Amino acid sequence: MTPETSVHPQALRSPVASGGDELVVLLDDAGEPCGTHLKATVHTATTPLHLAFSCHVLDDRGRVLVTRRALSKKTWPGVWTNSFCGHPAPGETPEEAVSRRASQELGIEVTDVSSVLPDFRYLATDASG
């Protein structure tokens, strides 16, 4: 584990590290929370298993909003992708995280949030490392 990784149970209830940096929830092989890690440094060549979501926003006509990731993003810069994605903070439900990120990323309010693949797990490597 790296210095910014915590396995203390109290850390699972705190949305940010002591310095104010965002945290992600680390998961064990069974998909259970086992610690936290700084969001800014979690995506590396050896990214640990962590909680995340991918949201697809549909309008009243069933059209899907796709977005292009900012060129300044650390992972997958400039890639056309889902509507938005993110990480639930410690103690935050996935639905709460989706609502928070929709507002932060797109300035929209989402309703009728439903989980389609709650246990989906994948590993992807960005071509840029």
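What does the secondary structure of the protein come to? I looked that up before anything else, and found one helix and eight strands. Helices (H or I, at least four residues) and strands (E, at least two) are DSSP runs, numbered from the N terminus.

Notes on the source: this is a predicted model, with local features needing pLDDT of at least 70, side-chain atom pairs counting only at pLDDT 80 or more, and totals for chains, interfaces and linings using all residues. Residues are numbered from 1 along each chain as its sequence is written, and side-chain values use heavy atoms, leaving out hydrogens and water.

**Order and burial.** From the N terminus on, I read the elements as β-β-β-β-β-β-β-β-α. I then checked burial: 27% of the 129 residues count as buried, meaning under 20% relative accessible area with a 1.4 Å probe, protein chains only (exposed is over 50%, partly exposed in between).

**Core.** Next I opened the largest nonpolar core, whose eight residues are F53, C55, V57, F84, A97, V98, A102 and V110. Both β3 (53-55) and α1 (94-106) supply at least two residues each, and α1 gives the largest share, three residues. Such a core is a set of buried Ala, Val, Leu, Ile, Met, Phe, Trp, Tyr and Cys residues joined through side-chain atoms within 4.5 Å.

**V98.** Setting aside neighbours within four places in sequence, I found V98 in contact (heavy atoms within 4.5 Å) with F53, C55, F84, V110 and V113.

**V64.** Lastly I visited V64, which sits in strand β5 (residues 64-65). V64 is partly exposed, with a relative accessible area of 44%.
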